Amino acid sequence: MYRFYVEKDAIAGGEITLTGEDHNHIRNVLHMCVYERLILCDGEGTDYLCRLKEITRDFVTAQVISQSASKTELPVRLILFQGIPKKDKMELIIQKSVELGVNQVVPVMTKRTIVKLEDEKKEEKRRVRWQAIARAAAMQSMRGVIPQIAPVLSFSDALRAAGELDAVLIPYEAAEGIAHTREVLAKLAAEGVRSVGIFIGPEGGFEEEEVRMAEAMGASAITLGHRILRTETAGMAVLALLMMEFEADMDA
């Protein structure tokens, strides 16, 4: 069944109106007809099973049959604090992290970040592009929410933001062995934490001082094994491990 995202203000009186690209896709690409069913999601965790009521040259109206909480979301909010990498690696990181269940990606400037901040207009333009990538990945993976891309933060500001979360992880090559990592991750799921931050360094990783700062605010340093992972791989590894822990919790 086809699935689209809608703004909440498009939902009124048991009906939902679609315009713009979605209208064009339904009418001119999919060639859908009145009475066909589709799922519309408000991007905040609610799915609406709908029946197409009217298709015109300017808009599409769908009648709500029923609504329910999305079944594709994890019972934990995952925030990826990603050290900004070079070139277009951030686009891949955003796409794959959304598929794996992240709720927000926070670009972070660290001591080893090579990329330099540009003027505010260029930075906002880049964030808009990153947000579009997040939306497309959410649609492809049938997410119930559209993960948000935050403005760039300094490392210290990112730590302060992470202080509001239930748990924080920071992969570090000098951390304890993999048994410790398994223990930390299993404990998160067993205790039913509702929010987890993951700090990933840019190329070259974090400086030891940054890791110590993170630990001082309560972060758990973990290892991902004996291999050195690229910045675009490390976050995906942690998210995949967390996804499996919390998906199992959902099925229990």
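Is F199 buried or exposed? Hold that thought for a second, and keep in mind that what we're looking at is a predicted model. Okay: F199 is buried, because its relative accessible area is 1%, and the cut-off for buried is under 20%.

So who sits with F199? That would be F81, and the two rings make a stacked aromatic pair, 4.5 Å centre to centre with 5° between the planes. F81 is buried too, with a relative accessible area of 2%. Now look at where they come from: F81 is in strand β7, residues 77-83, and F199 is in strand β12, residues 195-200, so the pair links parts of the chain that are 118 residues apart.

Next, F155 and F206. Their ring centres are 5.6 Å apart and their planes are at 50°, so this pair counts as tilted. This one also links distant parts of the chain, with F155 in helix α4 and F206 in the loop between β12 and α6, 51 residues apart. Both are buried: F155 has a relative accessible area of 5%, and F206 has 7%. Put it together, and F81, F155, F199 and F206 form one aromatic cluster. The count of aromatic pairs comes to three.

Let's move on to the cores. The largest nonpolar core has 38 residues, and among those with the most contacts inside it are L78, L169 and V196. Several elements supply at least two residues each, including β7, β11, β12 and α5. Which helix gives the most to this core? That's α7, with six residues. If you click on L78, you'll find that it touches V196, I198, L239 and L242, among others further along the sequence. Apart from that core lies another one, of 20 residues, and its members include I170, A175, F206 and A214. Yes, that's F206 from the tilted pair again.

A214 takes us to my last stop, helix α6, which runs over residues 208-216. Its buried residues are E210, V211 and A214. Why do they line one face of the helix? Seen down the axis of α6, they fall within an arc of 100°, so they end up on one face. Here's the background: an α-helix has 3.6 residues a turn, so residues three or four places apart point the same way. And what do the buried residues of α6 pack against? They pack against α4, residues 155-162, and β11, residues 167-171. One more detail before I sit down: just after α6, G218 takes a positive phi of about 110°.

Conventions. Residues numbered from 1 in each chain as written. Predicted model: local features only at pLDDT ≥ 70, side-chain atom pairs only at ≥ 80, totals over all residues. Heavy atoms only, no water. Buried < 20%, exposed > 50% of the residue type's maximum accessible area, 1.4 Å probe, protein only. Helix = DSSP H or I, 4+ residues; strand = E, 2+ residues; numbered from the N terminus. Arc of directions from axis to C-beta. Contact = heavy atoms within 4.5 Å. Phe/Tyr/Trp six-rings, centres within 6.5 Å; stacked < 30°, edge-to-face > 60°. Core = buried A, V, L, I, M, F, W, Y, C linked by side-chain atoms within 4.5 Å.
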